[in-house]
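Here's a friendly walk through one structure, a stop at a time. Have a look at it first, then read on.

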Amino acid sequence: MPLSSALQSSRFELKYLVSEAAARAIRDFCLSYLEPDEHDDPTEGFEYAVHSLYLDSPNLALCRQTLQGHKNRFKLRIRFYDESPDSPAFLEIKRRQNEVILKQRCAVRRSAVPRILAGHWPAPQDVLDKSPRGHAALTQFCDLAKCVQADGKVFVSYKREAYVTTQNNSVRLTLDRRLFGTRYAGLGALHVNGDRVYPDLPGVILELKFTDQFPVWMRHLSRVFDLQRRSVAKYCYCALALDIPELQLAM
């Protein structure tokens, strides 16, 4: 993954659950307009692994806000794509403001994560994204984590198949499969090695992402496949499947 963020800072995200057969047909449909993401691995069925350690307050207030349908909310997570100690970790903030999704992230060395989770800034040499956007994301991440007394709670993992526009990342379609959650064991380690829990999701998670107007071809796709938009919050699904006691009052 590139160290400098290629994420769109502001976009719309529409989520659906579709059958495996529909997912394969949607893939064929979208290839007339998009190309496979550069990180899709042909040896893994054109998928790649995504892991995120979600941070939350002691009473899981951020997860509760999603479950309660708050229009303006945010999530804090540390994303990584493998468990190699030499690979970077990405500090990410994902905000929702009504229908708009705002994302910020900054790449850091994996070895800096325990210090960050303990509430400290990473050392300068541990910050891999030196851009103004990266610095702003790092500042916001640390400030928000301190504000809500955030600590690691749940690992969320899945396999992603992604397709993007040929010249930029303004339009993106993803298919996520085999979602599972794991309790965070503490100590700042980014190792997904606990007992896995697989949420009961009836299908593949389809996400349509765009920065401006809903593309005409995506409108056509949604009609052809009779897509019904719904909320699919992976962190919340995994936290509920793990039966975390702090969430029981939110149901």
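Start with helix α1, whose buried residues (buried means under 20% relative accessible area, exposed over 50%, partly exposed in between, with a 1.4 Å probe and protein chains only) are Ala22, Ala23, Ile26, Phe29 and Cys30. They all sit on the same side of α1, because they cover an arc of only 120° around the axis, taken from the directions from the helix axis to the C-beta atoms. What covers them includes the strands β1 (10–18), β7 (151–164), β8 (171–183) and β9 (204–210), along with helix α5. Helices (H or I, at least four residues) and strands (E, at least two) are DSSP runs, numbered from the N terminus.

A quick word on where this comes from: the model is predicted, so local features need pLDDT of at least 70 and side-chain atom pairs count only at pLDDT 80 or more, while totals for chains, interfaces and linings use all residues. Residues are numbered from 1 along each chain as its sequence is written, and side-chain values use heavy atoms, leaving out hydrogens and water.

Now for α1 and its partner. The axes of α1 (residues 20–30) and α5 (residues 216–224) come within 11 Å and cross at roughly 155°. That makes α1 roughly antiparallel to α5, a label for angles over 145 degrees. On the α1 side, Ile26, Phe29 and Cys30 make the contact (heavy atoms within 4.5 Å), and on the α5 side Trp217, His220 and Leu221 do. Of these residues, five are nonpolar, one is polar and none is charged.

Next stop: tyrosine 235, found in helix α6 (residues 234–241). Is this residue buried or exposed? Tyrosine 235 is buried, with a relative accessible area of 1%. Leaving aside residues up to four places away in sequence, tyrosine 235 touches Tyr54, Asp56, Leu60, Cys63, Lys75, Lys153, Val154 and Val156. Serine 84, by contrast, is 23 Å away in space, C-alpha to C-alpha, and 151 residues away in sequence.

Last, a pair of loop residues. Most residues other than glycine have a negative phi. Asparagine 98 has a positive one although it is not a glycine, and glutamine 149 does too. Here they are side by side:

| Residue | Phi | Loop between | Relative accessibility |
|---|---|---|---|
| Asparagine 98 | about 55° | β5 (89–97) and β6 (100–108) | 46%, partly exposed |
| Glutamine 149 | about 55° | α4 (132–147) and β7 | 59%, exposed |

Definitions and conventions. Axes fitted to C-alpha atoms, helices over the stretch in contact; angles between N-to-C directions. Parallel < 35°, antiparallel > 145°, perpendicular 65-115°, else oblique. Nonpolar A, V, L, I, M, F, W, Y, C, P; charged D, E, K, R; others polar.
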